[in-house]
Amino acid sequence: MIFWAGRQSDSTRRMRSRQIVLVGSLVLLLGLVSRAGAARTAINIARASDTAPETLGGTFSSFGPFSLADPGIVAFQTAINPSPAQPGTTQGLFLSRKDEQGIRSLSRLVLKGDTARGAGSFYGFDTLSVNVNQNTNKVRVAFWASLLLQDGATIYEGLYLYTAGAAVKIAITGDLAPSIDPPVTFGSFGTPALNRQGQVTFWASLSDGGEGIFVYDPSAGLKLVTRNLKATPAGATGSGGSGAFQQLAAPAFNAAGKVAFLGFYSSGGLSSHGLFLYSPNASGAYDSTGSTNAVTVASSGMAKPTNWGTGGTRLSFVDGPSLSSLARIAFWGKDDQGTPQTGLILYDGPSTYTTLASSGATSVSSFGASGGAGTLTEVDNNPALNNVAGPSLNDAGMVAFWGKNSTTTGLVLYEPGPLFSPVAASGMSQTGIADGAGARKFANAFLFISSHAALPAMVDDSKVVAFWANTLDSQGAGSFLVGLFLSEESGPDLVVVKVIAPKKVRQNTNLTVTARIKNQGSASGSPETVEARFIQSDGSTSLGTPATASSTVPLAVGKARNVKVRLRAPAPVSGDCPCSVKVTVDSGGVTAEINESNNSQTVGLSIR
């Protein structure tokens, strides 16, 4: 079990104990329908005893929370066995990613003892969030830290954003909170969530005894989303009906600036809770609950969705929102029967809910190395520890989550269809980690606790799943060896990384568009047909006739090539037309890819 310095438990600030665990033994569970997705391979990216980069010989000891961004970029927190040359370096944040040639490597982000802007030095770390900025394509990491002030005795909390090789302060204990009158300051902080715009949302306690959800924008500073005492949006129902927020938790974020979170509220002396979705208005502010910018997603007391299973009529608890760029939300629920069932639900707009998996109803048709079958008895919930792990949702509608049946705990990866794909299994040989007796095996039911909200597994848009696991020797015995893993489908993933075209062109003239095509998958694949077309600024209306170029020679993993397409500017156009050129690799869908949703890129230009 790992405890991180300077961290106060979230359970001291919430109505129920909601300590989140990361599951060490990971098992594939197949449910709903016995259909399997593509074969997957688990690879080890970091393990205990590996050398920690830039620590003068320190080694990884144990691993804390991690975060995943597309394609397969992992930021993680770890304890370090320090080297004699650098004895104070006992914790740090690190990054695992592939380079242009597809070779994965580790790099150091921040270490204990590094200078913290605005507050002495970093003293400890916990949860974090990694993403790739959609404008600059640069990796950024938002993280929680405990801070040792310059007096060498006072410890504060803070949130920081690692960008361009430096950690920039978001907020620390004692900073003024925005848009609250009379003025209050921040106390402690929860898990940050970073979107592809470089913005960060987070929970924080306040000096007046309250708490709130906030957004940090690098260009606009801090913004208030909502706080306790503010009214809940319309549609918040339950045993107490709608009312005012009492407590808030678990914010999730997407690139449009939408924030999903858990809120507890009270009305008529009774307590209820729900999940809510707040959106920024035209000026970027998060306005009142009376508008469509504040929506109730789900609440305690709502009718359970179809295909949930037998028994019970309503949900008694909802939690763990995961938000996609399309504003779809996967969340956890528990029903109201005597022995409650738990499950996962997908919210796809007002009154549109789909049961993804539920205990007592989701069947297990393939169960790790030993085979076997069974029905899930828990989904994203461990009653012995009162823990909710929470699902991870990507933009393709895939969901990674934790579950167990009568004998084993594990993971399942849900894909629309439904399809279910292996991630890892207790007892399964792990070829990426070997010892004197051969390949090691994943162990069973080893948990470590993070005092912040943290997921047991995350899935990105390239169908990569990141997870933490502990392993035993090849005979299923011996000492534990912990590590971080990625589970990948075997296949190509073709993307357009850059489009080069003139900024201005004349009607009825030819131009050459150059597209840089890269294979960021795990197997070679052919770009086949590369298509270029003009589109209007609305992004959906095509202009003129598209043109294509052939590129049938397979691209190896991590390799890239330029493909030129000869295109003719359309006519007639009235005045200057602010348009774009859209380039799509494998436009005919000939090559089966890991991710079929990332094949296009656009560049703006005008037609005169």
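**Exercise 1.** Does Glu 531 count as buried or exposed, and at what relative accessibility?

*Solution.* This is a predicted model, in which local features need pLDDT of at least 70 and side-chain atom pairs count only at pLDDT 80 or more, while totals for chains, interfaces and linings use all residues. Residues are numbered from 1 along each chain as its sequence is written, and side-chain values use heavy atoms, with hydrogens and water left out. Begin with the cut-offs: buried means under 20% relative accessible area, exposed over 50%, and partly exposed in between, with a 1.4 Å probe and protein chains only. Glu 531 counts as buried because its relative accessibility is 15%. Next take Arg 533, whose side chain meets that of Glu 531 in a salt bridge of 2.9 Å, N to O (a side-chain nitrogen of Lys or Arg within 4 Å of a carboxyl oxygen of Asp or Glu). Arg 533, at 22%, counts as partly exposed.

**Exercise 2.** Determine which parts of the chain are linked by the salt bridge between Glu 415 and Lys 463.

*Solution.* The closest N and O atoms of Glu 415 and Lys 463 are 3.8 Å apart. The pair links distant parts of the chain, 48 residues apart, with Glu 415 in strand E31 (residues 409-415) and Lys 463 in the loop between strand E36 (457-459) and strand E37 (465-472); strands are DSSP runs of at least two residues, numbered from the N terminus. Finally, Glu 415 is buried at 7% relative accessibility, and Lys 463 is buried at 17%.

**Exercise 3.** Describe the surroundings of Tyr 286, starting from its place in the chain.

*Solution.* Tyr 286 lies in the loop between strand E18 (270-278) and strand E19 (294-299), and with 11% relative accessibility it counts as buried. Leaving aside neighbours within four places in sequence, its contacts (heavy atoms within 4.5 Å) include Val 215, Phe 253 and Tyr 278. Leu 224, another contact of Tyr 286, is 62 residues away in sequence, yet the C-alpha atoms of Tyr 286 and Leu 224 are 7.0 Å apart in space. The side chain of Tyr 286 also reaches the backbone oxygen of Gly 257 at 2.5 Å.

**Exercise 4.** Identify contacts of Ile 329 within the sequence-distant part of its surroundings.

*Solution.* Ile 329 is one of the residues that touch the most other members of the largest nonpolar core, which has 34 residues (a set of buried Ala, Val, Leu, Ile, Met, Phe, Trp, Tyr and Cys residues joined through side-chain atoms within 4.5 Å). Not counting residues up to four places away in sequence, Ile 329 touches, among others, Leu 277, Val 297 and Leu 393.

Notes:
Helix = DSSP H or I, 4+ residues; strand = E, 2+ residues; numbered from the N terminus. Polar contact = N/O pair within 3.5 Å; in protein donor to acceptor, adjacent residues only side chain to side chain.
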